[in-house]
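Please read the following explanation with the sequence and the model side by side. The text proceeds from internal space to ring contacts, charged contacts and backbone features.

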Amino acid sequence: MTKKLRLITAIAVIFTAWACADDNVVELSGVDPIQEKAVLELGVLDENNSRLIYEGSVTKFATGDKIGVVGEAYNNLSFTVGEMNSRAYSDLPLTMEKDTKFFAYYPYSESVADFTKFPISIAETQTQADAEFTHVNEYDILISDETTVKKTTVAMFKHLGAWIDFVVYNREDADMIVNSVEIKSSAKSFVKSGTFNLTATTDNEEYLKINVAEYTDKITLNATGDWRTIAKNKKATFRTVILPSDLSNDTITITLNTNSGVITQKFIGRNFERG
């Protein structure tokens with residue numbers, strides 16, 4: 001079994017806006033003529049309007065995904081991705097003034113009271129149900145730098161986390177069915193939860209800094225579905241999403257639970273940085 005680390009790539013969400021009758025006010029991607037809701041155009045640095053693309057594996061924004069917008073003039077506005085998966089619509093009627101500033105984030109939370117102490121956490125037990133890594137959406141945390149509203153406004157998103165790929169090769173004479181993959185540190189070094197300043201600008205020392213509240217010693221990835229059956233001399237990839245964690249002084253133990261038994265392998269730890 002070979003272990004690979006893949007840091008999550010940056011993406012872009014494009015806010016397209018144009019002037020209204022008042023030149024100092026712009027609509028965010030225009031408005032719905034009936035409900036006057038702002039429209040958020042979703043775009044990426046790669047093709048296919050995907051949030052995450054790696055070696056042909058595409059994780060798209062899904063219908064119903066919610067994106068939040070915060071700033072001095074914007075009190076945690078929510079946008080919901082529509083059926084085409086390339087646009088999100090504000091949940092309330094909305095205009096945005098030209099030259100005002102905002103930060104955007106995903107997934108939206110209506111319960112956050114202080115965006116300088118934005119709560120984040122990662123699930124200690126995750127589930128992968130397909131080979132396309134659609135489960136990554138459930139654990140994905142995306143944030144943008146401070147963005148100014150213009151006629152066409154582009155908000156660049158960063159992924160706050162990273163992922164670890166476990167590439168499993170079947171060298172047995174029969175099919176192998178993978179039930180779970182566990183990664184465990186010799187110390188309690190995986191960041192489980194904490195806070196960060198969502199509104200910190202790039203020149204602020206708090207920019208992307210996580211204030212850790214709790215650590216855990218392991219992350220477990222359960223596998224479900226037919227895709228986890230690996231034929232002889234074939235391989236499959238299993239992906240765990242984590243928060244940035246420094247395990248460079250640890251020993252990492254990987255435990256693979258299959259239909260034919262348990263396989264364990266040890267590795268020298270490393271610093272899993274945000275991507």
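The paragraphs below lead through selected features of this predicted model.

The enclosed spaces come first. Rolling a probe the size of a water molecule over the atoms shows where empty space is left. In this structure there are three cavities of 30 Å³ or more, and the volume of the largest cavity is about 70 Å³. Its lining is formed by F103, I143, S144, D145, K158, F196, N197, L198, A200, Y207 and L208. Sorted by character, the residues of this lining comprise seven nonpolar, two polar and two charged.

The aromatic rings come next. Across the whole structure, a search finds six aromatic pairs. One of them joins Y105 and Y108 in a stacked arrangement, with 6.3 Å from centre to centre and 25° between the planes. How accessible is each partner, buried or partly exposed? Y105 has a relative accessibility of 1% and therefore counts as buried, since the cut-off for that class is under 20%. Y108, by contrast, has a relative accessible area of 22% and is partly exposed. Another pair is made by W227 and F238, whose ring centres are 4.9 Å apart; the planes stand at 40°, so this pair is tilted. The two rings come from distant parts of the chain: W227 belongs to the loop between β21 (218–223) and β22 (229–230), F238 belongs to strand β23 (residues 235–242), and 11 residues separate them. W227 counts as buried at 17% relative accessibility, and F238 counts as buried at 0%. Ring pairs also build a cluster, which links Y105, Y108, F115, F118 and F196. Within that cluster, F196 is also one of the residues lining the largest cavity.

A positively charged side chain also meets aromatic rings in this model. R239 lies over the face of F133, at 3.7 Å from the ring centre. R239 likewise lies over the face of W163, at 3.9 Å from the centre of that ring. The side chain of R239 takes part in a salt bridge as well, meeting D165 at 2.7 Å from N to O. This bridge links distant parts of the chain, with D165 in strand β17 (residues 162–169) and R239 in strand β23, 74 residues apart. Are these two partners buried or exposed? Both D165 and R239 are buried.

The salt bridge of R239 belongs to a broader set, for the count in the structure comes to seven salt bridges. In one of them E124 is joined to K192, and the closest N and O atoms are 3.0 Å apart. E124 lies in the loop between β12 (118–121) and β13 (125–128), while K192 lies in strand β19 (residues 190–196), so the pair ties together parts that are 68 residues apart in sequence. E124 counts as partly exposed at 31% relative accessibility, and K192 is partly exposed with a relative accessible area of 22%. A further bridge is formed by the side chains of K232 and D173, at 3.5 Å from N to O. Here the partners are both in loops: K232 is found between β22 and β23, and D173 between β17 and β18 (176–185), so the pair ties together parts that are 59 residues apart in sequence. K232 counts as partly exposed at 42% relative accessibility, whereas D173 is exposed, with a relative accessible area of 69%. Through shared partners, salt bridges also join E124, K192 and E214 into one network.

Finally, the backbone deserves attention. Where does P107, which follows a cis peptide bond, lie? The peptide bond from Y106 to P107 is cis, with omega near 0°, and P107 is found in the loop between β11 (101–106) and β12. D99, which is not a glycine, has a positive phi near 75°. D99 is located in the loop between β10 (96–97) and β11 and is partly exposed, with a relative accessible area of 42%. N233 is not a glycine either, and its phi is positive at about 65°. The place of N233 is in the loop between β22 and β23, which is also the loop that holds K232.

How values were computed:
Residues are numbered from 1 along each chain as its sequence is written. This is a predicted model: local features need pLDDT of at least 70, side-chain atom pairs count only at pLDDT 80 or more; totals for chains, interfaces and linings use all residues. Side-chain values use heavy atoms; hydrogens and water are left out. On a 1 Å grid over the protein atoms alone, a cavity is a set of points where a 1.4 Å probe fits but cannot get out, and a pocket is an open set with protein on both sides within 12 Å along at least five of seven lines; lining residues have an atom within 4 Å of a point. Grid points are joined across faces, edges and corners, and a volume is the space filled by probe spheres set on the points. Ala, Val, Leu, Ile, Met, Phe, Trp, Tyr, Cys and Pro count as nonpolar, Asp, Glu, Lys and Arg as charged, and the others, Gly among them, as polar. Rings of Phe, Tyr and Trp (its six-membered ring) pair if their centres lie within 6.5 Å; planes under 30 degrees apart count as stacked, over 60 as edge-to-face and the rest as tilted. Buried means under 20% relative accessible area, exposed over 50%, partly exposed in between (1.4 Å probe, protein chains only). Helices (H or I, at least four residues) and strands (E, at least two) are DSSP runs, numbered from the N terminus. A charge sits over a ring if NZ of Lys or CZ of Arg is within 6 Å of the ring centre and within 35 degrees of the ring normal. A salt bridge is a side-chain nitrogen of Lys or Arg within 4 Å of a carboxyl oxygen of Asp or Glu.
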